[in-house]
Amino acid sequence: MNQQRLILSSPLLEIVISRLAQQLIENHQNFADTVILGLQPRGIYFAERVGRELNRALGYDVPLGYLDATFYRDDFRRRDSPLRPNTTHVPFIIEDKRVILVDDVLATGRMVRAALDAMTAFGRPRKVELLVLIDRRYNRDLPVKPDYTGKRVNTLESQRVLVEWTEQGADADRIWLVG
């Protein structure tokens, strides 16, 4: 039997996004040398939400791009079926910029490692920070820790986090712990 437990939904989700945007503003102030990269596939929806909140609060657009790290994954060739790449859209140079990497769920850390490798195609950032909506504690394979976290969730290896965005066709934004 598959059990589901609701972790986060509206209006608390909007409060979390607003809090994270305020933390970013506190640390990056005018975002003069800062860009945001949402990780494909699902991190882009969260990055867009954070970006909209930043733009609303600041009164101007913070540079936002999408990064696909599919072919940089260390399990790329170990899969039974081939992975399908997503769109990479980085309309700016990241050389000497502060990059905020955004993903919806941090679990093993392998996707973040792959994203760091993929970023090198666009330059060498001055600094990279990680912002995640859900930090699945106790699941790390690599020593990766987010700089900004929406919510920390203690999970078992048999559990997974399911993120439903209205942008993907869900009737409401909800984050579930499934297992």
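# Exercises on a predicted model

The model has an open sheet of 5 strands in the order β3-β2-β4-β5-β6, and the pairing is parallel. The model is a predicted one.

**Exercise 1. Describe the edges of the sheet with the order β3-β2-β4-β5-β6, and say which helix packs on it.**

Step 1. The edge strands are β3, residues 64-67, and β6; each of them pairs on one side only. Between neighbouring strands of this sheet the average turn is 25°, direction ignored.

Step 2. Inside the sheet, β2 (residues 34-39) and β4 run parallel and are joined by 5 bridges. Within this pair, Leu-37 stands opposite Leu-101 in β4.

Step 3. Helix α3, residues 110-119, packs on the sheet and touches β2, β3, β4 and β5. The direction of α3 makes about 150° with that of β4.

**Exercise 2. Find the strand order of the antiparallel sheet and state which strands stand at its edges.**

Step 1. This open sheet has 3 strands in the order β1-β8-β7, with antiparallel pairing. β1 and β7 each have a single partner strand, so one side of each is left without a neighbour in the sheet. From one strand to the next, the twist averages 25°.

Step 2. β1 and β8 pair over 5 bridges, and Gln-4 has Val-178 in β8 as its bridge partner. Helix α1 packs on this sheet, touching β1 and β8, and its direction makes about 50° with that of β1.

Step 3. On the other side of the pairing scheme, 5 bridges join β7 to β8. Here Val-163 stands opposite Ile-175 in β8.

Step 4. β7 has two faces to tell apart: Val-161 and Val-163 make up the covered one, while Arg-160, Leu-162 and Glu-164 make up the uncovered one.

**Exercise 3. Which elements give two or more residues to the largest nonpolar core, and which residues there touch the most other members?**

Step 1. The core has 32 residues, and those touching the most other members are Phe-46, Leu-54, Leu-131, Leu-133 and Ile-175.

Step 2. Two or more residues come from each of β1 (4-9), α1 (12-28), α2 (43-58), β4 (98-106), β5 (127-137), β6 (148-154), β7 (160-164) and β8 (174-178). The element that gives the most is α1, with 7 residues.

Step 3. Take Ile-175 as a case: leaving out residues up to four places away in sequence, Ile-175 touches Arg-5, Leu-6, Ile-7, Leu-8, Leu-13, Leu-133, Ile-134, Val-161, Leu-162 and Val-163.

Step 4. There is also a second, separate core of 20 residues, which includes Leu-37, Ala-114, Ala-115 and Met-119. As background, nonpolar side chains tend to be buried together in soluble globular proteins.

**Exercise 4. Why does the pair of Phe-46 and Trp-165 count as stacked, and which parts does the pair tie together?**

Step 1. The count of aromatic pairs comes to 1. The ring centres of Phe-46 and Trp-165 are 6.4 Å apart and the planes stand at 15°, so the pair is stacked; the cut-off for stacking is planes under 30 degrees apart.

Step 2. Phe-46 lies in helix α2 and Trp-165 in the loop between β7 and β8, so parts 119 residues apart in sequence are tied together. Both Phe-46 and Trp-165 are buried.

**Exercise 5. Locate two cis peptide bonds and two residues with positive phi.**

Step 1. Most residues other than glycine have a negative phi, and most peptide bonds are trans.

Step 2. One cis bond runs from Ser-10 to Pro-11, and Pro-11 is in the loop between β1 and α1. Another runs from Gln-40 to Pro-41, with Pro-41 in the loop between β2 and α2.

Step 3. Gln-29 has a positive phi near 50° and sits in the loop between α1 and β2. At 57% relative accessibility Gln-29 counts as exposed.

Step 4. The phi of Asp-96 is positive, about 65°; this residue is in the loop between β3 and β4. Asp-96 has a relative accessible area of 47% and is partly exposed.

**Exercise 6. How many helices and strands does the protein have, and why does it count as compact?**

Step 1. The protein has 3 helices and 8 strands, running β-α-β-α-β-β-α-β-β-β-β from the N terminus.

Step 2. The radius of gyration is 16 Å, close to the 16 Å that the globule rule gives for 179 residues, so the protein is as compact as a globular protein of that length.

Methods:
Residues numbered from 1 in each chain as written. Predicted model: local features only at pLDDT ≥ 70, side-chain atom pairs only at ≥ 80, totals over all residues. Heavy atoms only, no water. Core = buried A, V, L, I, M, F, W, Y, C linked by side-chain atoms within 4.5 Å. Buried < 20%, exposed > 50% of the residue type's maximum accessible area, 1.4 Å probe, protein only. Helix = DSSP H or I, 4+ residues; strand = E, 2+ residues; numbered from the N terminus. Contact = heavy atoms within 4.5 Å. Pairing = 2+ DSSP bridges. Axes fitted to C-alpha atoms, helices over the stretch in contact; angles between N-to-C directions. Phe/Tyr/Trp six-rings, centres within 6.5 Å; stacked < 30°, edge-to-face > 60°. Rg over C-alpha atoms; globule rule 2.2 N^0.38 Å.
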